[in-house]
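Visitor: I've got a new model open and I'd like to learn how to read it. Could you walk me through it?

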Amino acid sequence: MTEEGTSSSASQTIAADHGGHDGHDGTPEPGQGVATTPRQMGPADQAARAKGKGRMPADGADLSGLRTATAGLAARLDFTLDEIEDMRIAVDEACAMLLSQAIPGSDLECGFILGQDAMTVRVSVRCLAPRVPAGDTFAWTVLTALAGSVDAQVGPGDVLSIVLRKSRDSSRSA
């Protein structure tokens, strides 16, 4: 994972969730294939507490690290246990939608933006003929219920992305 920002808590969470290895030396984590490179946050990113990104093989067997990182980062935002589990499942489901269209041997890219009480996760993969998932399917309805806000888009280079955004429940007392 690449950690960007003024807060080092996100990198500490990622390191703790991956056996203490924060990956800042640029080498892949054992069994995960996620390389990391530190970057500085620019002025446009100041509203975010932290940003991070990573890349791994587009293979369902390699998603456990992404699910763990998602849960760890959601916990840092004081999400409830139910909200944390919802994000873990949502990321897994979004990746399943993408992997069905991924070019064999390609990489899945993931990015995290942590705000004051919200988390945004973007997962992307290169496809031969990318198709945005239909918004009227049961799978999309479940994904929206889990994450809160979901969007899909095809970008340059035939990259299909799904963006999940979940806000912490503000009705509970702090």
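**Reading the core and a helix pair**

Guide: Let's begin in the middle. This is a predicted model, and its largest nonpolar core has 37 residues, of which Leu-66, Leu-108, Met-119, Val-123, Leu-143, Ile-162 and Leu-164 touch the most other members.

Visitor: Which elements give two or more residues to this core?

Guide: Helices H2 (64-76), H3 (81-99) and H4 (138-147) do, along with strands E2 (50-57), E3 (107-114), E4 (118-126), E5 (149-155) and E6 (159-167). H3 supplies the largest share, eight residues.

Visitor: Can we zoom in on one residue? What does Val-123 touch?

Guide: Leaving out residues up to four places away in sequence, Val-123 touches Leu-66, Ala-94, Cys-95, Leu-98, Leu-108, Glu-109, Cys-110, Leu-160, Ser-161 and Ile-162.

Visitor: And how do I read a helix pair?

Guide: Packed helices are described by the angle and the distance between their axes. Here, the axes of H3 and H4 come within 8 Å and cross at roughly 145 degrees. That crossing of H3 and H4 is left-handed.

Visitor: Which residues make the contact?

Guide: From H3, it's Asp-86, Met-87, Ile-89, Ala-90, Glu-93, Ala-94 and Met-97; H4 brings Ala-139, Trp-140, Leu-143, Leu-146 and Ala-147. Sorted by class, that contact has ten nonpolar residues, two charged and no polar ones.

Visitor: Where should I be careful?

Guide: Where pLDDT is low, don't read the predicted coordinates in detail. The chain's mean pLDDT is 77, with 70% of its residues at 70 or more. Over residues 1-46 the pLDDT is below 50, though the model gives this stretch 94 contacts beyond near neighbours in sequence.

Key: Residues numbered from 1 in each chain as written. Predicted model: local features only at pLDDT ≥ 70, side-chain atom pairs only at ≥ 80, totals over all residues. Heavy atoms only, no water. Core = buried A, V, L, I, M, F, W, Y, C linked by side-chain atoms within 4.5 Å. Buried < 20%, exposed > 50% of the residue type's maximum accessible area, 1.4 Å probe, protein only. Helix = DSSP H or I, 4+ residues; strand = E, 2+ residues; numbered from the N terminus. Contact = heavy atoms within 4.5 Å. Axes fitted to C-alpha atoms, helices over the stretch in contact; angles between N-to-C directions. Left-handed = near helix turned anticlockwise from the far one by under 90°. Nonpolar A, V, L, I, M, F, W, Y, C, P; charged D, E, K, R; others polar. pLDDT = per-residue confidence, 0-100.
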